[in-house]
Amino acid sequence: MVDLHTQYARIKPEIDAAIQAVLDSTAFIQGPQVATFAQELAQFTGAKHVIPCANGTDALQIAMMALGYKPGDEIILPVHTYVATAEVIALLGLTPVFVDVDPQTFNIDPEQIIEKITPRTKAIVPVHLYGQCANMEAILKIADEHNIHIIEDAAQSLSAEFIFSDGSRKKSGTIGTVGTTSFFPSKNLGCYGDGGAIFTNDSALAEKITMMANHGQKVKYHHEVIGVNSRLDTLQAAILSVKLKYLNEYTAKRNDVAGYYDKNLAGIKQITIPYRASNSTHAFHQYTIKLDGVDRDEFKLYLDKCQIPSMIYYPVPLYLQKAYKQPGVDRGAFPVTEKLSKTVLSLPIHTEMNAEQLEYICTIIRKYF
Ligand SMILES: *Cc1c(COP(=O)(O)O)cnc(C)c1O
C-alpha cells in the first residue's frame with residue numbers, strides 16, 4: 001500500500017545526517033530538534049501552537065484531558081473511523097456518541113450531529129477520513145450554537161485544506177478548538193516509528209496540553225495535574241523536519257495518483273471513485289472506491305493473486321465491535337457505515353508510485369470487469 005523504502009532512498013543523505021546529528025548529541029529526549037520541528041509544523045499549518053507527542057492516539061487523549069471532561073460527558077464522533085477516535089473517549093470514562101457518515105464524503109454527517117446533542121454533550125470529533133475535510137463550516141456552526149468544543153482528528157488529512165464559503169482556507173487540524181495528527185510511518189507525514197502532534201490557537205489551552213503531555217508539570221517535579229508521559233523522540237523530530245520539507249510535493253504526488261485512478265476507473269459501472277467535495281482539498285491518505293454488484297472478497301482475492309495490495313478501512317463498524325457495543329444499538333443502526341464496511345476498498349496510493357505500476361493496476365482491474 002505504501003513504498004517507504006523508495007521514499008527513504010530518495011532522501012537518504014538528508015535523513016541519515018539528521019539522525020547522525022541526534023546520535024552525536026545523545027539528546028534523545030526533548031533535544032532541540034523537537035522544538036524546531038514543532039515550530040516548522042506551526043508555520044506549515046498556520047496553527048498558533050503545535051505540541052508534539054508520542055502518537056496520534058495520545059494526541060486525542062491529551063486534548064480531551066486538557067479540555068477537562070468528566071466521566072459521563074458525551075463526545076460525538078463518526079462511527080466510520082479508526083478505533084483510536086472512540087478508544088480514548090471510552091478510556092477516559094467519557095461516552096462515545098456515534099453518528100453516521102455522509103455516503104459520498106465518508107465524513108460525519110452534520111445533520112445527524114444535531115439529533116445527538118444533549119445537555120451532556122461536550123465536544124464533536126470530526127475525523128477528516130481518507131484525507132478529505134469534514135464539513136467544518138456546518139460543524140463550527142453547530143458547535144457555536146451549542147457551546148461545545150471541536151476536536152479535529154487530522155491523522156489522515158495533514159496538509160488538506162477546508163475551503164469556507166467566503167473562499168478563505170484553513171488547514172485541517174487548525175479549525176476547531178484543538179486538532180490532532182499522527183506521524184505513524186504510513187501516514188502522509190510519517191516518521192520512522194510512532195509520533196503525533198496537537199494543534200491549537202488557544203494559548204492557555206496550549207499550556208495545559210503541554211503540561212498534560214509531560215506528567216502534568218510545568219516546572220520539573222512540580223505536578224499540578226495528573227498527566228501522561230507522551231513525548232516525540234528527538235530522532236523522530238529530526239526525521240520529520242526533513243520530511244516536512246517534502247510534504248507539499250508528497251501531497252501533489254498523491255493527488256496525481258488519484259487523478260490517474262479517477263480517469264482510468266471512472267468508466268467501470270461497478271466502481272464508484274472517491275467523491276471530491278467542493279469545500280475541501282484532498283490529501284489522499286487513502287484512495288477508497290465503493291464496489292457495487294460485485295463480490296468484494298473475490299475481487300480482493302483476484303487483486304492479491306495479481307500482486308496488487310488492497311485494504312478494507314474499516315471492515316467492522318465500531319458499534320458492532322465487542323469493546324464498543326452499546327445496549328440496544330445493533331445491526332441497522334448506522335446504515336451508511338454498515339454499507340460502507342461491506343463495499344469500500346482502498347487501492348495502493350503513495351508518493352513513489354510510477355506510471356508503470358499505475359497502468360498495471362488499472363489494466364488488471366479493468367480486466368476483471
Ligand atoms: C492513525 C490514526 C489515529 C491514531 O494514530 P496513531 O499514531 O497510530 O496512534 C487516530 N485517528 C485516525 C483517524 C487515524 O487514522
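**View 1. The two domains of this predicted model.** The domain assignment splits the protein into domain 1, covering residues 4-244, and domain 2, covering residues 247-368. Taken over C-alpha atoms, the centres of domain 1 and domain 2 lie 24 Å apart. Where they meet, domain 1 brings 45 residues to the contact and domain 2 brings 33 residues.

**View 2. The surface buried between domain 1 and domain 2.** Together the two domains bury about 3600 Å², and 58% of this area is on carbon and sulfur atoms. Look out for Tyr-130, Gln-132 and Asn-188 here: these residues supply 20% of the area that domain 1 buries against domain 2, more than any other three residues.

**View 3. Polar links across the domain interface.** A good place to pause is the pair Glu-352 and Arg-10, which form a salt bridge with their closest N and O atoms 2.3 Å apart. Across the interface of domain 1 and domain 2 there is one salt bridge, along with 21 residue pairs in polar contact, counting pairs with both residues at pLDDT 80 or more. On the domain 1 side, several elements each supply at least two residues that touch domain 2: the helices α1 (4-25), α4 (83-91) and α8 (234-244), and the strands β3 (95-99) and β6 (161-163).

**View 4. Ile-151 and its surroundings.** Ile-151 sits in strand β5, which runs over residues 149-153. With a relative accessibility of 0%, Ile-151 counts as buried. Leaving aside residues up to four places away in sequence, you can find Ile-151 touching Leu-60, Ala-63, Met-64, Leu-67 and Tyr-69, as well as Ala-123, Ile-124, Val-125, Pro-126 and Val-178. For a sense of scale, the C-alpha atoms of Ile-151 and Leu-94 are separated by 14 Å, and these two residues are 57 residues apart along the chain.

**View 5. Two cysteines, Cys-306 and Cys-362, without a disulfide between them.** A disulfide is a covalent bond between the sulfur atoms of two cysteines. In this model the count of disulfides comes to zero. Cys-306 is in no disulfide, and the nearest cysteine sulfur, in Cys-362, is 13 Å away. Why does the sulfur of Cys-362 form no bond with the closest cysteine sulfur? The distance to the sulfur of Cys-306 is 13 Å, which is too far for a bond, because a disulfide needs the two sulfur atoms within 2.5 Å. Both side chains can be followed into the protein: Cys-306 is buried, with a relative accessible area of 17%, and Cys-362 is buried too, with a relative accessible area of 1%.

Note on methods:
Residues numbered from 1 in each chain as written. Predicted model: local features only at pLDDT ≥ 70, side-chain atom pairs only at ≥ 80, totals over all residues. Heavy atoms only, no water. Buried < 20%, exposed > 50% of the residue type's maximum accessible area, 1.4 Å probe, protein only. Domains from an automatic or database assignment. Contact = heavy atoms within 4.5 Å. Buried area = accessible area lost by both parts, 1.4 Å probe. Salt bridge = Lys/Arg side-chain N within 4 Å of Asp/Glu carboxyl O. Polar contact = N/O pair within 3.5 Å; in protein donor to acceptor, adjacent residues only side chain to side chain. Helix = DSSP H or I, 4+ residues; strand = E, 2+ residues; numbered from the N terminus.
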